Amino acid sequence: MRSWGPRGGGGLAKGLGGPPSGPLAIPVPCWSPGGPKAVPVPRRSPGGPPAVPRWSPVGPPVVPVPLCPLRCNHLCVGPLLSLVILLDSKAQQTDLEWISYPPNGWEEISGLDENYTPIRTYQVCQVMESNQNNWLRTNWIEKGDAQRIFVELKFTLRDCNSLPGVVGTCKETFNIYYQETESETGRSLRESQYVKIDTIAADESFTQGDLGERKMKLNTEVRIIGPLARRGFYLAFQDVGACIALVSVKVYYKKCWSIIENLATFPDTVTGSEFSSLVEVEGMCVSDAEEEAENSPKMHCSAEGEWLVPIGKCICKAGFHQKGDACEHGGAAENEFTFI
């Protein structure tokens, strides 16, 4: 596992007045065991003095990971009931193999969360040279039935004022883009084909002192794209000279899951394309039930994946009575409230 620092200017060791730059003078720290209190242990150059640790966008790779209580395929159940996960970089323990251009820009790094679970992150820290333009593109993401997509980013970012000798070249923002396509387009990356979503800034940046105290200042930002019309899309991240670690990328959409209400079944329904939209859904009466005259059952799926505004109902047929969400043979139907 490697910790990357700023490049350019003859190498970090040379820029700080340390030993000459070169394959052995620019160390690659390994991480000692110890869980959340792990500290960098720099390797020595053979026959030489101890290596000087390089700057790292994240410090010790220990990141708190809020987990869903249960997972089943792409469905996250529990507090995040309405989410359908399309991409979760933390859930992938093998190489992500996203496209980095130029190749010496963003780099994929291994780390551990607080449960010693391996995670894959991308880092870049080319703050010693101006005019940086480093792109990172995800693999193709098939959107399914989604119209509105949520992108959740977790990242850390170094305070430029805590880095010596980078005045005017160090930045504290990065940009996020997307490109819609009907299928995968290969591993080429053309900047002109991407649509900008936003410029992302950190609420909190960290300093060398935070690293020494093992403080992880993790930022979370969520952006929405849509409505989308094609089968899938790519996300891309543009670095313009920041010292940043993209700790996780989660892409999801929301839906209202099927329920039974007023003896009517309402199917899985994807939320609408606008934040304020309500999708009207007609219900289907359960077995041995029928619609009340001129009062057919309807519900509305909100943009947050919640069922709202129930209207109408079904009632049990003659000779059946309601028990819970079903109609059983015998007896009269229970009285129901009608929602209008």
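A disulfide here is a pair of cysteine sulfur atoms within 2.5 Å. With that in mind, welcome to a short tour of a predicted model, told as a set of close-up views.

**View 1. Cysteines C285 and C314 form a disulfide.** Their sulfur atoms lie 2.0 Å from each other, and because the cut-off is 2.5 Å, the pair qualifies as a disulfide. The torsion about this S-S bond is about -80°, so the link is left-handed. C285 sits in strand β22 (residues 284–285) and C314 in strand β26 (residues 314–316), so the bond ties together parts of the chain 29 residues apart in sequence. Is each cysteine buried or exposed? C285 has a relative accessible area of 19% and is buried, because buried means under 20%. C314 is buried too, with a relative accessibility of 0%.

**View 2. A second close-up shows the disulfide between C316 and C327.** Here the S to S distance is 2.1 Å. The angle about the S-S bond is -90°, and the link is left-handed. C316 belongs to strand β26 and C327 to strand β28, so this disulfide ties together parts that are 11 residues apart in sequence. C316 counts as buried at 7% relative accessibility, and C327 counts as buried at 9%. Please keep C327 in mind, as this cysteine returns in the next view as a bridge partner in β28.

**View 3. Strands β27 and β28 form a hairpin.** Strand β27 covers residues 320–323, and strand β28 covers residues 326–329. How do the two strands run, parallel or antiparallel? They are antiparallel, and 4 bridges join them. Between the strands are 2 residues, and in the turn G324 has a positive phi of about 70°. One of the residues to look for in β27 is Q322, whose bridge partner in β28 is C327. That C327 is the cysteine whose disulfide partner is C316.

**View 4. Side chains alternate along strand β27.** Which side chains point to the buried face? F320 and Q322 point to one face and are buried. H321 and K323 point to the other face and are not buried. Following the backbone from residue 320 to residue 323, you can see the two faces take turns.

**View 5. A disulfide joins C125 to C243.** The two sulfur atoms are 1.9 Å from each other. With -95° about the S-S bond, this link is left-handed. The pair connects distant parts of the chain: C125 is in strand β9 (residues 118–125) and C243 is in strand β17 (residues 243–256), 118 residues apart. C125 counts as buried at 3% relative accessibility. C243 is also buried, with a relative accessible area of 0%.

**View 6. Stepping back, the protein chain holds 2 helices and 28 strands.** How many disulfides does the structure hold? There are 5, including the links C125 to C243, C285 to C314 and C316 to C327. The chain has 340 residues, of which 46% count as buried. Among contacts between residues at least 6 apart in sequence, 69% join residues at least 24 apart. The chain exposes about 16800 Å², with carbon and sulfur atoms supplying 52% of that area.

Notes
Residues numbered from 1 in each chain as written. Predicted model: local features only at pLDDT ≥ 70, side-chain atom pairs only at ≥ 80, totals over all residues. Heavy atoms only, no water. Buried < 20%, exposed > 50% of the residue type's maximum accessible area, 1.4 Å probe, protein only. Pairing = 2+ DSSP bridges. Contact = heavy atoms within 4.5 Å. Areas by Shrake-Rupley, 256 points an atom, 1.4 Å probe, with all protein chains shown as cover.
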